[in-house]
Each structure stands twice: as C-alpha cells, then as structure tokens.
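The following exercises are to be worked through with the sequence and the model at hand. Each task is followed by a solution in steps.

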Amino acid sequence: MDNLSDTLKKLKITAVDRTEDCLEGCLDCLLQALAQNNTETSEKIQGSGILQLFANLLMPQSSCTAKVANIIAEVAKNEFMRIPCVDAGLISPLVQLLNSKDQEVLLQTGRALGNICYDSHSLQAQLINMGVIPTLVKLLGIHCHNAALTEMCLVAFGNLAELESSKEQFASTNIAEELVKLFKKQIEHDKREMIFEVLAPLAENDAIKLQLVEAGLVECLLEIVQQKVDSDKEDDIAELKTASDLMVLLLLGDESMQKLFEGGKGSVFQRVLSWIPSNNHQLQLAGALAIANFARNDGNCIHMVDNGIVEKLMDLLDRHVEDGNVTVQHAALSALRNLAIPVVNKAKMLSAGVTETVLKFLKSEMPPVQFKLLGTLRMLIDAQEAAEQLGKNAKLVERLVEWCEAKDHAGVMGESNRLLSALIRHSKSKDVIKTIVQSGGIKHLVTMATSEHVIMQNEALVALALIAALELGPAEKDLESAKLVQILHRLLADERSAPEIKYNSMVLICALMGSESLYKEVQDLAFLDVVSKLRSHENKSVAQQASLTEQRLTVES
C-alpha cells in the first residue's frame, strides 16, 4: 500500500502536467490496487483529494479517459464513495462522454454513472434531466452488436424506467422499436429476462404500450408462449409467466387494447381466446385477465358475448370450483362482471346460466373472489325476474348478510350491502323482502343509509322505502332496533346531506307511518320542525316532498 501512496502523489502531479505515458502508468497501478482491495484503495483515493482532479481528466480526446472512467466505476461500487464522486463534479463530464464514439469509453462511462447513481432516485432524476435517456437509446441502436454495451444500456434503462419522470422521455424516443429488435435476436433466457425487466416498467405507460404493440412485441410474446407452454423446466415456466403477464399489461391501455382487438377479428384476440380452455393455469389466468381487459367498452363486450365467450369462461370456472386456483377464479369472474355491464348482454348472460355458475363460488372464503362474485351478480340483476329469483335464494341472502359484517374487507362489505339493496329495488317483491327479513338483513340496509358514499345511501333508502311500502309488518321490529327513525332525523337535519338523500328520507318517513310504533318514534322526535325548514330548499323536488311530508305529519298528528 506504500506504493499506492506514491502513485497517488505522482498522479496529482501528472494529472496537472497531463504527461500521458506517466499518467497511464499511475492509472494502471490504481486499477491494480482496486482489483486487490477495492474498499481500502477507495478510502485512500478519497483521502488523497485526487477525485477532484478526475473531472479534468475525463476528456473525449484523451487516451486515458476509459481508464479514469473505469477507476470511477470501481470506487463507486462502495456506497461511501458515491457522494464524494458527486461532490467532485464527475457527473457532468461523464454524461458528456456518452457522446463518445469509443466503445470502451462508453462502456466504462456507463458503468461509472450507473454505480454513482445506484439506488439514488434523486441522482437518477438528475441524469434524466440532463438528457441521458435519448442518448442511451441512440447508443443501443448504434452498438447493438456489442454485448457489453447493450447490457450496460439495459441495466441503465431498468434503473431509470422505475422513475415516473422517465416515462415521458422514453416515449419520445424509439426505445420500443430498439428493444423489440433486440428481443427478437436473443436466444438465451438470461438476456431475454434482462429485456423483460426493462419492458415491464416501461409498459406501464400508455403511449409506450401502443409503441410496443406497433413494434411487434405481441407477436414475440405469443411465440414464447407457444414455445414454452408444454415445458416443465423452471426457466421456461418463469418465461411463460413473464410473457403472458406482459401481454395482459399491454391490454391495459385503451388504444393498445383496441388495436389488438381489431373488432374481434384480430389474430391476437383469437390466440388469447385459445388460452382459456388450455390446461396451463398461467395461460388460463392470462386469458381470463385479457378478456376482462378487452371487455372495457360496450362494443367489445357485446361482440364477445355474441361470439360465445361466456360459455368459455363458465367452463373455465367449472374446472376451478373444487379446490380451484383462486387467481383464475378471480380473473374469470372479473371478465364476466365486465361483460355484464352493457344492458343488452344481461339477459343473454342470464339465459346462458351465468348466475348458476357464479353461485357455485358462494362458499369461497377468499375476499377477492367474493368481491368479484358479488359485483357480477349485481351487474346481472337489473331484470325483475332475475332479482326475484336470486332474492328468494335463502343461501345467497344468508351469505350476503354474513358478508355485510366483513369489516376487514370493505370492498366485500360494500358490495354485499349494495347487492342486498339491489335485490329489493329490482324485484319489488314481498317474497324477497321476507327472505331478507328472515336472514337478518334489515339492520345492514339501515347502516348502509349512513354510508359516506351518497350512491350507497340512496340505494339503501330506496330499498327501505320499498320494504316499508310492501312488507312493513315483518320488518317493523328490525327497523326499530336498528334505530332507523333516529338516523332519518339526523339525515334530514344535517345540512351536508345531498338533496336526493333528503328527498328519499322524507319518502321513507311517510311510508313508515303505517306502523304504530315507528310512527310514535317519528312524533317523539319532532320531525315537523326539520321538515318545515326544507320547504324553502333550493331543490324543487326536496321542497315539494317537504310540503307533502309536512301535510302527512300534520294530518296524522
């Protein structure tokens, strides 16, 4: 280590004199010392103050530049050296060197920048602001035959693509084209995996999704799926998963999805359809998720239902009822839920037997599956007949009441409440109301009327008004113990309540007058005061309903 001290002293002098031969010898000694003991040598370099001189040695025309960059790359492997490298002003000259024609200079410069900025979002953001992304994309295109340089670019892209601020810059380059070109040439699993690691974060950006689709990435992914589908090698299984996951990610963009759908005639869409009946769980999952993504607009949904997709999804679900794969169940139910959104699809899906298939999963204990199951049923029961049939299904109603208490899973709880309310609102059936009363569902509808979401409050109030109008007797006790009248008083007195909430609360008050005990509660709470104030409400419907309610209250008292 003594001759290291000598080398550093000598380097200080030669760095100023710029005697290249002498300089080169010193740099070789440093590289040798770093190879033997990187940490100790780096500490000595930091203590010597030589880093500050390196900025002037990073000259494009100097023969020593690659070695200086290499030394910086080596010392910056140590975390404690990264800030000193920044403080020594090395980033700016290194970024300039990315315009060099010398491949060795480019490689060492890329390594140096990568190591200095490793794990530092603020430094990576600085590089992005200095315009390194277009420069690196250009380098990838020019030096695609140089494996080491290509790898350096990919590592850099992988790090920078994690930053949101990079996506816009990447989108304005031809990165998609370059990566797809590179991907097509790769045979080795490791190299392809490296490209996948760059593609995944980039494909989160909608503009880049479309560019990747236009550059032909989808065809590459489909080819991988075809090659690997029957393999049981670990690497192949992993690659199949990565390729199919990326495929689904590309479909999350509206434009890229529509381009691949091609009116339902697209070869990509047809290939994805063939994944659903496959025996490979990963492909079944990707196929169902892809359909759920294609089913993001009414036109696509209508076309797919007319062309038999529902039967394929039902067959898939049937294969996963007993000890099934939860992710596949969740994905297939998501697809059915989306397909059920257009009005014209509802009756077709009901007659295809979707509700029967979906109800097989009532026993599931997995909240994500429960959530999608509830959403699918709620989308399907706009028709009175369907709502009545489901609303009289005691097993379903009991499960809904149970899930209305799933406090750990707000989504499941919310969907259960909404479905309970929808069964009453769409069926308008006494039998459905009886089933819900017997299963203990009334208290949940009353609680739902206090939800923070206006739409849920409203759905609850309308359902409760129907209960009061059609079947008040059996529900009376439950409505009392759930303190419905007090809640209505609070909703009417609260200035923050939305107009439709005030309106429906007054409709419900009028309907409750048919019950002696509930009406007594209304009288005890001096509703007249609250209601008469609402006669001058700015919303005409609220004001009119306030007058009617006031008349009813006055007449009855």
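**Exercise 1.** Is helix 29 mostly covered or mostly uncovered, and how many of its residues are buried?

*Solution.* The model is a predicted one.
Step 1: Locate the element; helix 29 spans residues 410–427 and contains 18 residues.
Step 2: Apply the cut-off for burial, under 20% relative accessible area. By this criterion 14 of the 18 residues in helix 29 are buried, and the helix is mostly covered.
Step 3: Examine the length. From the first C-alpha to the last, helix 29 reaches 26 Å, close to the 26 Å expected at 1.5 Å a residue.
Step 4: Inspect the backbone beyond the end. Lys428, just after helix 29, takes a positive phi of about 45 degrees.

**Exercise 2.** Determine the setting of Ala292 and name its contacts beyond four places in sequence.

*Solution.*
Step 1: Ala292 belongs to helix 20, residues 281–294.
Step 2: Ala292 counts as buried because its relative accessibility is 7%, and the cut-off is under 20%.
Step 3: With neighbours within four places in sequence left aside, the contacts of Ala292 are Ser334, Ala335 and Asn338.
Step 4: Compare sequence with space for one further pair. Ala292 and Leu339 lie 47 residues apart in sequence, while their C-alpha atoms are 7.7 Å apart.

**Exercise 3.** How many disulfides does a search of the whole structure find? Account for Cys29 and Cys153.

*Solution.*
Step 1: The search of the whole structure gives 0 disulfides.
Step 2: For Cys29, the nearest cysteine sulfur is that of Cys26, at 6.6 Å. A disulfide requires sulfur atoms within 2.5 Å, and Cys29 is in none.
Step 3: Cys29 has a relative accessible area of 37% and is therefore partly exposed.
Step 4: For Cys153, the nearest cysteine sulfur belongs to Cys144, 10 Å away, and Cys153 is likewise in no disulfide.
Step 5: Cys153 is buried, since its relative accessible area is 1%.

**Exercise 4.** Which residues line the largest cavity, and which helix supplies the largest share of the lining?

*Solution.*
Step 1: Searching the whole structure yields 1 cavity of 30 Å³ or more. The volume of the largest cavity is about 40 Å³.
Step 2: The lining consists of Leu140, Cys144, Glu178, Lys181, Leu182 and Lys185.
Step 3: Helix 13, residues 175–185, provides the largest share, 4 residues.
Step 4: Sorted by character, the lining comprises 3 nonpolar, no polar and 3 charged residues.

Note on methods. Residues numbered from 1 in each chain as written. Predicted model: local features only at pLDDT ≥ 70, side-chain atom pairs only at ≥ 80, totals over all residues. Heavy atoms only, no water. 1 Å grid on protein atoms, 1.4 Å probe; cavity = no way out; pocket = protein on both sides within 12 Å on 5 of 7 lines; lining within 4 Å. Points joined across faces, edges and corners; volume = space filled by probe spheres on them. Helix = DSSP H or I, 4+ residues; strand = E, 2+ residues; numbered from the N terminus. Nonpolar A, V, L, I, M, F, W, Y, C, P; charged D, E, K, R; others polar. Expected span 1.5 Å × (residues − 1). Buried < 20%, exposed > 50% of the residue type's maximum accessible area, 1.4 Å probe, protein only. Contact = heavy atoms within 4.5 Å.
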